[in-house]
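This report looks at the cysteines of the model and then at one of its sheets. Please keep the sequence and the structure open while reading.

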Amino acid sequence: MRFQTTLLPLLPGLVAAIRPPNVNGMELKWFDGFEGPAGSSPNTDVWNIMDAINTNNEVQAYTHSNENLQISGGGTVQFVPRKSSTGQWTSGRIETKQSWTPKPGKVMMVSANILVGGNPAGTKQGLWPAFWLLGDAVRHGTEWPRCGEIDIFEQVNGLATGHGTLHCGDAQGGPCQETTGRSGTVPMPLDGFHTWSVKIDLTSGDWRAQTISFQLDGATFYTVRGADLNDGPVWSTLAHSPMYMILNVAVGGDWPGPPNDATLGDYGAMMEVQWAAVYSS
């Protein structure tokens, strides 16, 4: 996608959504290609647009404004962090209403095609784009991280490193080594759209042999096995339980640290998503 300096004009003819690619041995179960007129909101039958979020010592306020969250009119959704004249940061975050549960004997894959804004890393201190899954149990009172969390893609401070992380179990230590979680990294290109995925493989009936694998453009860069956690009930919160999808750009927080005077917002700081999808074998 191209970086705009103003909101896109409403287009008389909309670009058709780009369908996620076929994946060998997998069936596409769900996707959103973010169709709609430029400046409109994501489909609220599918997504909750979040605003009352206060976690990780982040400094942004999430809003419903199309200055922070908009359909591009070109078959994408854009999450645009912005800094006001008074120094307040705002951004966008959406969460699916639906949750998905991996099926015994199957492989479930959750993917999104993502572009990060082209501002140089020196102007991205404190920026934290993310694509992740959170255990549906948190919507019913289970505390984090016991609800389970799978971070499919995170980038901090504009660095050319992508992170895939599991959070689970106890808030300190435990099988997921909290508070940092179990994490793998991969060098990431900083231009163009790239597909970030997690595969939950339950083809083995033995939970110890089941796996959660993180991929960039179809290449696996990190895998965790049930045996690595060595805790069946905790493994179940990650691999056997319903999870919902989240897309957002945070500003500040415990991990990246706060933005500084050089941090820029606007389209060069955004995360843009062409499609999000769920597959199953």
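In this predicted model, Cys168 and Cys176 are joined by a disulfide, with a distance of 2.0 Å from S to S, and the count of disulfides comes to one. The torsion about the S-S bond of Cys168 and Cys176 is about 105 degrees, so this disulfide is right-handed. Both partners, Cys168 and Cys176, are buried.

Cys147, by contrast, takes part in no disulfide, since the nearest cysteine sulfur, which belongs to Cys168, lies 10 Å away, and a disulfide requires two cysteine sulfur atoms within 2.5 Å. Cys147 has a relative accessible area of 3% and is therefore buried, because the cut-off for that class is under 20%.

The sheet is a separate topic. Three strands form an open sheet in the order 3-7-6, and the pairing within this sheet is mixed. Strand 3 and strand 6 stand at the edges, where each has a single partner strand, so one side of each is left without a neighbour in the sheet. The residue ranges of the three strands are listed below.

| Strand | Residues |
|---|---|
| Strand 3 | 61–62 |
| Strand 6 | 82–83 |
| Strand 7 | 89–91 |

In general, the strands of a sheet pair through backbone hydrogen bonds, in either a parallel or an antiparallel sense. Between strand 6 and strand 7 the pairing is antiparallel and runs over two bridges. Which residue of strand 7 is the bridge partner of Lys83? That partner is Trp89.

Definitions and conventions
Residues numbered from 1 in each chain as written. Predicted model: local features only at pLDDT ≥ 70, side-chain atom pairs only at ≥ 80, totals over all residues. Heavy atoms only, no water. Buried < 20%, exposed > 50% of the residue type's maximum accessible area, 1.4 Å probe, protein only. Pairing = 2+ DSSP bridges. Helix = DSSP H or I, 4+ residues; strand = E, 2+ residues; numbered from the N terminus.
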